[in-house]
Amino acid sequence: MKAAIIYTSITGNTSLLAEVIHDNMEAKGIETDLIPVDEFQNHDLYDYDIVTVGTYSWDNGEIPLEMEDVYEAFETENVKHLSTGVFGTGDSFYPYFCGAVDLFRDMLFVHTNLAVTLKVELTPQDEDIAKCEKFCDRLIHQVAVMS
Amino acid sequence: MSGINQPLSKIKLLNPTYPNKATGLINGQSSGLLNWNDIAYPQMYDLYQTLLANFWKAQEINMQDDIKQWDDLTETEKDVFLRINTQLASLDSLQTPTLTHVMDYVTDSSFKAIFAVIAQQEAVHNESYSYILSSLVPLREQNERFDQAKDDPIVRKRNQLILDSYEAFRENPTPQRLFELAINSINLEGIYFYAGFAFFYHLARQQKMVKTSTMISYIQRDEMQHAYFVSQFVRILLTENPELNTEENIQYAYKTIDHAVQLEKEWADYILKDIDGIDLEEFHGYVEYLANKRFRQIGMDNYYPERENPMAWIHVFSDEMMNETKSDFFEQKSRTYTKVSSSNGFDEL
């Protein structure tokens, strides 16, 4: 079983979350690649059983510009085999807290086996760190169910 | 020992022999020319763009609805409305000159430009409070209300924390005092506005004075970017100047922000006590939750117990709420997918 985390970060909060999820996956014995969005290529989606997407949200809860290609890759490639999760960080003082997570969620639900979503306010706190482990468990469980 | 207590020198406008890309936030070498394509912290260009995209002006908001509703407010609501309005105006009045003052000592031209934009926005905020007042009460009462804000002992006490630090920097602009000023700027923009915001959003959720709260929402949106910018400024200042990155200064930040938190609670207990529907205990928790966010933004740990946002209704209005038209990625593509939730068989953590 192999996993990838495709992520973007502007303040460092989402990349921190990506690292925590990465470390949790590895601790559970799953080889996991951290892929910053600027290194992502569509064919990456065929190399994994689990793909998670990490993103901040922009403006009125939008997907950041640099993540649009990732979004479209899931729509155009054959990704039925993938178990997926999406996570993000944001600030609940803006409308549509982590809106980009919701937008990815709705799309991933249609095209992949969406297992789990996670929203975190700014830098992860203790409870968020605890949720990261659940996030990983849920992804691994999804793969087991699928096979 | 290096000079965290040595005055920063006021920098020359142009230093032709220095590079355009500054070598430091303070005490750096910089020609004074700004080329946004060659700056030390490229993310600052994004921040600059975001600030400009937030541009708004008070006169664009038609106050007619609020003018009609004003007489239907209770006397208590009117009184609190005017007192909060002038108190917020007095906070914004401090920011414009302080930020332009800081610009003289910052060596990175991109940061100077951002300080200039933020100072401009504070000037707009200031004007918007005047605009609201001029729509609702005659000049005589406006002036009385400003005098009231100047004389109110609780307002004075809370302003003093900020003023002492801002004045100290004016007197002797050292790196240490610049750090302290930045922390107090976070207090002002990131903590002190929120009892006022709570009041206006509380009216708005009862469909009262919505034009005023539309302006408040624009102000909050700006202030969030300002607090974010200042937090980045603090992080970069501490990273570039390790002699400032001391345990003492970490403790200074905890102590000073905690002080602001206590003053904000005290102000809320005083100004909001007769407002039905705002639970003051809950607001105390809210201020702590808010301050925890500020600590995390400057790379520190939570100081108060970890909790969920207890007053989630205090937030910036969405574009839909303000009837704006959107033109973005999803607008053009139209929303293709149905909203799904955990009832569809996945977990939302």
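Read along the sequence, chain B of this predicted model follows the pattern α-α-α-α-α-α-α-α-α-α-α-α-β. In total, chain B holds twelve helices and one strand. The C-alpha atoms of chain B occupy a box of roughly 65 × 55 × 40 Å along the principal axes. The radius of gyration of chain B is 22 Å, which agrees with the value near 20 Å that a compact globule of 349 residues would have. Of these 349 residues, 41% count as buried. Where contacts in chain B link residues at least 6 apart in sequence, 73% of them join residues at least 24 apart.

The largest nonpolar core comprises 84 residues, and those with the most contacts inside it are B:Ala182, B:Tyr194 and B:Ala198. At least two residues of this core come from each of α3 (75-103), α4 (109-136), α6 (153-171), α7 (175-190), α8 (194-205), α9 (210-240), α10 (247-271) and α11 (280-297) of chain B. The biggest contribution to this core is that of α9(B), with twelve residues. When neighbours within four places in sequence are left aside, B:Ala182 is in contact with B:Val230, B:Phe233, B:Val234 and B:Leu237. Another core, of 50 residues, lies apart from this one and includes A:Val20, A:Trp58, A:Cys98 and A:Phe135. In soluble globular proteins, nonpolar side chains tend to be buried together.

Farther along chain B, B:Met321 is found in the loop between α11 and α12 (329-333) of that chain. B:Met321 has 14 other C-beta atoms within 10 Å and is therefore classed as partly exposed, since a buried residue would need 20 or more and an exposed one 12 or fewer. B:Met321 and B:Thr214 are 107 residues apart along the chain, while their C-alpha atoms are separated by 9.1 Å.

For chain A, an unreviewed UniProt entry lists residues 3-140 as "domain: Flavodoxin-like". The span 3-140 of chain A is 38% helix and 25% strand, and the C-alpha atoms at its two ends lie 9 Å apart.

The two chains share an open sheet of six strands, in the order β2(A)-β1(A)-β3(A)-β4(A)-β5(A)-β1(B), with parallel pairing. The edges of this sheet are formed by β2 (31-36) of chain A and β1 of chain B; each has a single partner strand, so one side of each is left without a neighbour in the sheet. Strands of a sheet pair through backbone hydrogen bonds, either parallel or antiparallel. Across the chain boundary, β5(A) and strand β1 (residues 347-348) of chain B pair in the parallel sense over two bridges. Within this pairing, A:Val116 stands opposite B:Asp347, and A:Thr117 has B:Glu348 as its bridge partner.

Over the interface as a whole, 31 residues of chain A are in contact with 28 residues of chain B. On the side of chain A that touches chain B, two or more residues each are given by α3 (99-111), β5 (113-121) and α4 (126-146) of chain A. That side of chain A consists of 16 nonpolar, five polar and ten charged residues. Strand β5(A) thus appears both among the elements of chain A that touch chain B and as the sheet partner of β1(B).

Definitions and conventions: Residues numbered from 1 in each chain as written. Chains lettered and ligands numbered in written order. Predicted model: local features only at pLDDT ≥ 70, side-chain atom pairs only at ≥ 80, totals over all residues. Contact = placed C-beta atoms within 7 Å. Helix = DSSP H or I, 4+ residues; strand = E, 2+ residues; numbered from the N terminus. Nonpolar A, V, L, I, M, F, W, Y, C, P; charged D, E, K, R; others polar. Pairing = 2+ DSSP bridges. UniProt positions renumbered as here; feature names shortened; annotations may be inferred. Core = buried A, V, L, I, M, F, W, Y, C linked by C-beta atoms within 7 Å. Rg over C-alpha atoms; globule rule 2.2 N^0.38 Å.
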